Amino acid sequence: MDFRILTTTTSSLSKVSADALLIVVAGDPKQQGLDDPLDRALADAIAAGDLAFKAGRTLYLHRPVGVKAARVVFAVAGDAGPKAFKAAVAAGLGLIKPLGVKHLAVAATGAIEATHAEAAAAAASDATYSYRHTKPSASPAPALQKITLLVDKAEAKAAQTGLSRGAAIAVGVALARECANRPGNHCTPSYLAAEARKLAKLPRIKVDVLDRKACEKLGMGSFLAVAQGSDEPPKFIVLRYDGAARSDAPVVLVGKGITFDTGGISIKPAAEMDEMKYDMGGAASVLGSFRALAELQPRVNVVGLIPSCENMPSGRAIKPGDVVTSMSGQTIEVLNTDAEGRLILCDALTYAERFKPAAVIDIATLTGACVIALGHHRSGLFSADDALADALLEAGSAGLDPAWRMPLDDEYEEALRSNFADMGNVGGRAGGAITAAMFLKKFTAKYRWAHLDIAGTAWKSGAAKGATGRPVPLLTHFVLSRAR
Ligand code: BES
Ligand code: MN
Ligand code: ZN
């Protein structure tokens, strides 16, 4: 998608040439400040009861008299903020998408700041993505190719910044969605490694892939214990984005890369097990964030770590009660083979120490308990570091990809006690997302750390079933906030 900025005024929108004009309206319906043909059309529609001034409502006009654009869509936003703006643009795009519109101009009767421009790019690419890899017959890609955001002269510079950022994040989100949507027999650990290697063709990105043997040498006994039940070779992917001086401590992003989670010997029920192909959503968000960084080229160092394997039952699979030795030297009693995410992440968290990181963020579809706690709108954020937690919450709000902070009190750790190892890998049903985070915390003593549980936010069930690409916007904003 091609995103542009054009300076105009709200009072000359009827002269804009484009295949369609989408006007986001908010606030007082009587004071929208549009030029006459549009102002009258809006007032008439409201008076006739054709457009209720309620968030998400839209109205389509074909060839309205006195307006240059052949199609006009009004979309009502709940307020003047970027979140409401994004929802209104998405609603308008829902009307426009099936039409033959190639060039869409988007305007708002309220102010357009950088965050609005970013939101417009996000809404546009969300609306135009469609999964086709294993379904080429899926609805053909919409005709829409170009979006011009119409802004006042004074708004142009900020809008351009926001639009570029939004376009870069959108490319990253699309990559993350595509990876997580691909089924487990296509998206294997080797596939993720190949996607990472593709990223290494972009400026400032390097990739290294460690195979089983290299992981054995490093002592990644916990990661390899999960991998041993599968015939798919495990991969430990190391990405680097070198945007600043070598002496600059990097941010390390660790993504859970379980390309399919059957549960292992503690096998999952059949219903909805297909969705466990997205158990590499954390890994996908790391790849997507690197894709966005390649576009934006910020002055910051970032390392990406992706432990990737399948969690399968087999004659070689780990069994409940098995004790494994992690790279940290701590032993773990595997009480439930379905709590495999923490088993692969702990070794990646130990591996992260070698980068002397400024901060380590792990991202994982870690627990069903997090979905119960927070639902599908906010990712669970866990950190003992207030400043880091605040920065991540802020990045989430800025990227319209919100998180919610969860507790990490020492008392939760008691549930992980084991008579046969330094810890068990599960702590019972109560507070399951928190005990999972407490497990990870035991491997993070050497640096500032935060954990994002994205089990509820990386995927949508139901009719619109599929990957969301979250939390690429949050992660990209966080990394940008640390650039010089
Ligand atoms: N990948 C799952 C968590 C998950 C569940 C993600 C639902 C997305 C949707 C994880 O590996 C898992 O199975 N967790 C168990 C942990 C339990 C055994 C302590 C869970 O949540 O049931
Ligand atoms: Mn599992
Ligand atoms: Zn899992």
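Where is the place of Gln297? In this predicted model, Gln297 is in the loop between α8 and β11, the latter covering residues 301-311. Its backbone is a bit odd there: phi is positive, about 50°, although Gln297 is not a glycine. With a relative accessible area of 24%, Gln297 is partly exposed.

Glu272 is another residue of this kind. Here too phi is positive, about 65°, in a residue that is not a glycine. Glu272 sits in the loop between β10 and α8, and at 58% relative accessibility it counts as exposed.

One more backbone feature to look at is the peptide bond from Arg470 to Pro471, which is cis, with omega near 0°. Pro471 belongs to the loop between β20 (466-467) and α13 (472-481).

**The metal site**

Now for the metals. The zinc ion (ligand 3) and the manganese ion (ligand 2) lie 3.1 Å apart, and Asp261 bridges them. The table sets out the two sites.

| Metal | Protein donors | Distances | Angles among six donor atoms | Arrangement |
|---|---|---|---|---|
| Zinc ion (ligand 3) | Lys256 (NZ), Asp261 (OD), Asp279 (OD), Glu340 (OE) | 1.9 to 2.4 Å | 78 to 176° | octahedral |
| Manganese ion (ligand 2) | Asp261 (OD), Asp338 (O), Asp338 (OD), Glu340 (OE) | 2.1 to 2.2 Å | 70 to 168° | irregular |

Why is the arrangement around the manganese ion (ligand 2) irregular? The reason is in the angles: the six donor atoms subtend 70 to 168°, and six donors count as octahedral only if opposite donors are over 155 degrees apart and all others between 65 and 115. The zinc ion (ligand 3), with angles of 78 to 176° among its six donor atoms, does get the octahedral label. As a yardstick, the ideal angles for six octahedral donors are 90 or 180 degrees.

If you want to find the donors in the sequence, look for the spacing K-x4-D-x17-D-x60-E for the zinc ion (ligand 3). Two of those donors come from distant parts of the chain: Asp261 is in strand β10 (residues 257-261), while Asp279 is in the loop between β10 and α8 (281-296), 18 residues apart. Both are tucked away from solvent, as Asp261 is buried with a relative accessible area of 3% and Asp279 counts as buried at 2% relative accessibility.

For the manganese ion (ligand 2), the spacing reads D-x76-D-x1-E. Again the chain is brought together from distant parts: Asp261 in strand β10 pairs up with Glu340 in the loop between β13 (331-333) and α9 (341-351), 79 residues apart. Glu340 counts as buried, at 1% relative accessibility.

**Ligand 1**

Some of these metal-binding residues turn up again around ligand 1. How many residues surround ligand 1? There are 16, and the closest are Lys268, Asp279, Asp338, Glu340 and Gly368. Two of the polar contacts use side chains: an oxygen atom of ligand 1 is 2.7 Å from an N or O atom of the Asp338 side chain, and an oxygen atom of ligand 1 is 2.8 Å from an N or O atom of the Glu340 side chain. Leu366 contributes through its backbone, with an N or O atom 3.5 Å from a nitrogen atom of ligand 1. On its own, ligand 1 has 510 Å² of accessible area, and the protein covers 78% of that.

**Aromatic pairs**

Away from the ligands, let's turn to the rings. The count comes to five aromatic pairs. One of them is Phe236 with Tyr351, an edge-to-face pair at 5.0 Å centre to centre and 65° between the planes. This pair links distant parts of the chain, with Phe236 in strand β8 (residues 235-242) and Tyr351 in helix α9, 115 residues apart. Both Phe236 and Tyr351 are buried.

Phe439 and Phe443 form a tilted pair, 5.4 Å centre to centre and 40° between the planes. Phe439 counts as buried at 0% relative accessibility, and Phe443 is buried too, with a relative accessible area of 3%.

Finally, which residues form one aromatic cluster? They are Phe223, Phe236, Tyr351 and Phe355.

Conventions:
Residues numbered from 1 in each chain as written. Chains lettered and ligands numbered in written order. Predicted model: local features only at pLDDT ≥ 70, side-chain atom pairs only at ≥ 80, totals over all residues. Heavy atoms only, no water. Donors = N, O, S within 2.8 Å, 3.2 Å for Na, K, Ca; no water. Tetrahedral: all angles 85-135°; square planar, octahedral: opposite > 155°, others 65-115°. Helix = DSSP H or I, 4+ residues; strand = E, 2+ residues; numbered from the N terminus. Buried < 20%, exposed > 50% of the residue type's maximum accessible area, 1.4 Å probe, protein only. Phe/Tyr/Trp six-rings, centres within 6.5 Å; stacked < 30°, edge-to-face > 60°. Near = heavy atom within 4 Å. Polar contact = N/O pair within 3.5 Å; in protein donor to acceptor, adjacent residues only side chain to side chain. Areas by Shrake-Rupley, 256 points an atom, 1.4 Å probe, with all protein chains shown as cover.
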